[in-house]
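Grab a coffee and work through these short exercises on strands and cysteines. Try each task before you read its solution.

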Amino acid sequence: MKRRPEPELMDGPEQARAYAEADFSEPNELFLRLLTELAPGDLDGCRALDLGCGPADIVIRLLRRWPRLHCDALDGSQAMLDLARAAIDALPDVVARARLLCDKLPSGRIEPGAYDLILSNSLLHHLHEPQVLWRSIRAAAKPGALVLVMDLTRPASAGQAAALVETYAADAPEVLKQDFRNSLHAAFEPAEVTEQLRAAGLAGQLSVNVVSDRHLAVWGRLGGE
Ligand SMILES: C[S@@+](CC[C@H](N)C(=O)[O-])C[C@H]1O[C@@H](n2cnc3c(N)ncnc32)[C@H](O)[C@@H]1O
């Protein structure tokens with residue numbers, strides 16, 4: 001199926017609220033499980049960066065799992081960050097360790113070479129120019145930084161996309177079903193992400209893995225060019 005890009009930012013307040021209220025605990029816990037397996041040692045004390053953080057559910061799970069970790073979280077949507085702010089402010093155990101940055105990638109607000117851990121979930125498929133993500137990751141990484149990027153994979157056909165929407169979002173509000181359908185059509189196939197990594201000069205450091213019936217994950221450590 002041919003890729004059909006969707007708008008980059010989720011900046012409509014209604015769209016952001018519907019997304020924040022949806023239950024993404026299954027994929028978000030998958031993300032945390034992959035991270036735990038990749039870093040069996042202690043991530044505590046790390047400085048992390050989450051790109052396209054949305055309402056910050058993964059940021060919050062991360063900060064709770066590693067109670068001395070600090071995380072900067074960037075999103076270009078103020079509507080998403082308002083929801084992230086409210087969720088984080090309600091949690092005394094994480095509020096001092098999260099910093100929210102409202103900016104669109106590529107961003108001049110990310111400190112170069114500063115991060116031990118760089119994360120992104122469900123951002124890549126939004127990008128009209130996917131190299132923006134790989135360049136941002138490379139610029140932000142400390143030597144040896146751990147990277148984990150997870151996203152949807154594009155199904156082979158519109159029929160398969162519709163079946164995934166029915167399997168995972170049958171009871172969701174229509175705005176979310178439409179978002180999910182659009183995201184599946186906008187997502188990249190694993191081979192396309194492999195080619196992105198090759199073009200970015202990251203193929204030897206990051207690998208592409210299929211981790212569910214609808215997700216791929218890219219992980220590895222950056223050598224620190
Ligand atoms: C599908 S949401 C994912 C949110 C969160 N990472 C999660 O896992 O729930 C994608 C987010 O990426 C943001 N985004 C899309 N393109 C962006 C860009 N070029 N720069 C910064 N944020 C962007 C959107 O505004 C949206 O909040």
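**Exercise 1.** How many bridges join S4 to strand S5 (residues 141–152), and in which sense do the two run?

Solution. Keep in mind that this is a predicted model. Start with the count: 6 bridges link S4 and S5. Next, the direction: the two strands run parallel. For one pair to look up, take Ser120, whose bridge partner in S5 is Val149. Finally, trace the connection: S4, helix H5 (residues 131–140) and S5 form a right-handed β-α-β unit.

**Exercise 2.** Work out how strand S1 (residues 47–51) pairs with S4, and why S4 is largely enclosed.

Solution. First, the pairing: S1 and S4 are parallel, with 3 bridges between them. Leu49 has Ile118 of S4 as its bridge partner. Then check burial along S4 (residues 115–121): 6 of its 7 residues are buried, so the rest of the structure largely encloses this strand.

**Exercise 3.** How many disulfides does a search of the whole structure find, and why is Cys46 not bonded to Cys71?

Solution. The search turns up 0 disulfides. Now take Cys46: its closest cysteine sulfur belongs to Cys71 and sits 11 Å away, which is too far for a bond. The cut-off to hold that against is 2.5 Å between the sulfur atoms. Cys102 is in no disulfide either, as the nearest cysteine sulfur, in Cys53, is 9.1 Å away.

Last step, accessibility. Cys46 is buried, at 13% relative accessible area, whereas Cys102 is partly exposed, at 29%.

Technical notes: Residues numbered from 1 in each chain as written. Predicted model: local features only at pLDDT ≥ 70, side-chain atom pairs only at ≥ 80, totals over all residues. Heavy atoms only, no water. Buried < 20%, exposed > 50% of the residue type's maximum accessible area, 1.4 Å probe, protein only. Helix = DSSP H or I, 4+ residues; strand = E, 2+ residues; numbered from the N terminus. Pairing = 2+ DSSP bridges. Right-handed = clockwise from strand over helix to strand, strands pointing away.
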